[in-house]
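Trainee: I should like a close look at a single part of this model, namely the side of one chain that touches the other. Please place that part in its setting as well.

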Amino acid sequence: MGADILVVAEHLEGKLAPATLEIVAKGRELAAQAGGSAKAVLLGHGPEALASELASYGLDVLLGDDPALEAYSGGGYAQALASMLAASPPRVLLLAHTAQGYDLAPALAASGDLPLVTNCVDVRLEGGSLVATRRLLNEKVQAEFEIGSDRTYVVTLRPGSVKPATPTGAGAVARVPMTIDGAKALPRFLRIERPEVSDIDIASADVVVSAGRGIQKKENLALVEELAKRLGGVVGASRPLTDMEWLPKTRQVGQSGKTVRPKLYVACGISGAMQHVAGMKDASLIVAINTDPSAPIFEVAHVGVVGNVLEVLPALLKELRG
Amino acid sequence: MPLNLVVCVKQIPNPDLQFQIAPGGLDIRRETLNYKVNGADEYALEAAVRLKEKHGGRVVAITAGPKRAETVLREALAKGADEAVRVAYDDPAAFDVGRVARLLAAAIRTIPHDLVLTGVQSDDLINSATGALLAGLLGLPHASVVTNVDVRDGGLEVTSELEGGLQRVASMPRPALLTIQFGANVPRYAPLPAIMKASRQPIKEVASSEVSLPYTFKVRRLIPPPSKGGAELIPGKADEQAKRLAQLFREKGFARG
């Protein structure tokens, strides 16, 4: 068992995922605790440029280059990482808790019989143990779990939990020879699909007024639409509303939708689940209206109104109509 | 080509409620909790039932949990599952996802499966780990955050959701495991006669198998999340709150007047 921390880089279409720089920062912290160094692993086919870019953040990059790694597949990446772990097991294998990270980390941990903890907001090493801080029950409870093992800890870190690393001089890029069985690089990648753009782009609006389940009925969207109009903004939504098709998918704010950074964000009847907050937490002014005083949206909001959005909005519109 | 479908469902405390930490700080207070089926699992069940309706086959719904978790299995039976299995696991909190996944995997090994489906995450623990853990334990190829499944000769074509609204389309052989995303379909309501029938159907109970874990797991403590400062709350009744909000929007230049 080594003392190094191995960070798994994520990239799509020639770009590093933003969350990768966050796990680089956390990986450094963990390396200091373990008495080792943080290294990154980058998998792909011909990704030298990305590897150099990643190395500019001041850590050594292990490059796994194989035609079967051209596009991400859980099966391909798991083979590559398993061979790296077998050759030199790190103390912690750290991934971002993204659609790719939580696809890969649990499967790898299970097939390698390794301890796993996912979606951590913080993680640290204490002696031989790993202490993971996690959020439960719609952000309403914080838990600390202690995991003990002499095997590599597989950990995913929730995006947005730490500040991303900044460039600090070049690390070395080393190619790691590996053989990937292409037949087991499953699922077999076919294509990336993009949503058709035939709607306004909520990411470019100065004011976004978003509706959540608290509006209860589709007809009540009219209140949110009028408020958006009065404030010179556009209407956004939390995921449940676009899932019910009350609003098009293009209006969804959050991890699986759009990330917005408007001057004003008004959350109407939105509880503030992690996946939504990830898409709006950087707005300059966040106003939240929700009946539940323990709703996590009030943690991220600057101004909060504990109340029924169906009472507050009509009263607010009356005020604004003058 | 009939399909043997296994769908994992979980009973969770309704996450819209407020929670208190139990004395001792190792669990939440459970006396007055209101339990429900995990949201994403409803989409996984619906996906399974639709695949059965289209291609023929059987749907087995499985859960690991205490006796009270039978409620979610009866709901699954009422919505189209043919058989229900509960792995008896009495830990009410079940925080250790690795243990739960190994219990489920041991049971699923004894059930014929062309396709194992889970929800993308459970809304209580938010690990997004059970599905892919099961895939690793069972040695199945898998895809996560799936919004569409097409059965092809000998395999599947699946669409997975990525960040930022992108989708990835990929193909894979069967057997396989898929974690199903919220909104992948529109889950049906159970008709009353089906609910009545499900209430009389047997639920197969299997004992927890011995699992060997490569780690020790301990809950250190649960606490209310530390406040980051949070929002400045506007007090008063709706009309008073509205007045203050309107004033704020005017001061900041977002509204006229």
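Mentor: What follows treats the contact between the chains, after a short account of each chain and before a look at one helix.

The model is predicted. Chain A comprises nine helices and 17 strands, and the secondary structure of chain B amounts to six helices and 13 strands. Measured against the rule for a compact globule, which for 322 residues would give a radius of gyration near 20 Å, the 22 Å of chain A agrees. The C-alpha atoms of chain A occupy a box of roughly 70 × 45 × 35 Å along the principal axes; for the C-alpha trace of chain B the spans are about 65 × 45 × 45 Å. Of the 322 residues in chain A, 57% are buried, while for the 257 residues of chain B the share is 47%. Among contacts with a separation of 6 or more, residues 24 or more positions apart contribute 65% in chain A and 69% in chain B.

Turning to the part in question, 72 residues of chain B make contact with 78 residues of chain A. On the chain B side, at least two residues each come from α4 (130-138), β7 (142-152), β8 (155-161), β9 (167-173), β12 (216-223), β13 (232-233) and α6 (238-251). The greatest contribution is that of α6(B), with nine residues. By residue class, this side of chain B consists of 41 nonpolar, 17 polar and 14 charged residues.

The contact also includes strand pairing. Strand β17 of chain A (residues 303-306) runs parallel to β13(B), and two bridges join them. Within this pairing, A:Gly304 lies opposite B:Leu233 of β13(B).

For an element within chain A, consider helix α5, residues 221-230, whose buried residues are A:Leu223, A:Val224, A:Leu227, A:Ala228 and A:Arg230. Viewed down the axis of α5(A), these buried residues lie within an arc of 165°, and therefore they line one face of the helix. Their cover includes the chain A strands β13 (207-211), β14 (234-237) and β15 (264-268), together with helix α9 (309-321) of that chain. Just after α5(A) comes A:Gly232, with a positive phi of about 70°.

How values were computed
Residues numbered from 1 in each chain as written. Chains lettered and ligands numbered in written order. Predicted model: local features only at pLDDT ≥ 70, side-chain atom pairs only at ≥ 80, totals over all residues. Helix = DSSP H or I, 4+ residues; strand = E, 2+ residues; numbered from the N terminus. Rg over C-alpha atoms; globule rule 2.2 N^0.38 Å. Buried ≥ 20, exposed ≤ 12 C-beta atoms within 10 Å, placed from the backbone. Contact = placed C-beta atoms within 7 Å. Arc of directions from axis to C-beta. Nonpolar A, V, L, I, M, F, W, Y, C, P; charged D, E, K, R; others polar. Pairing = 2+ DSSP bridges.
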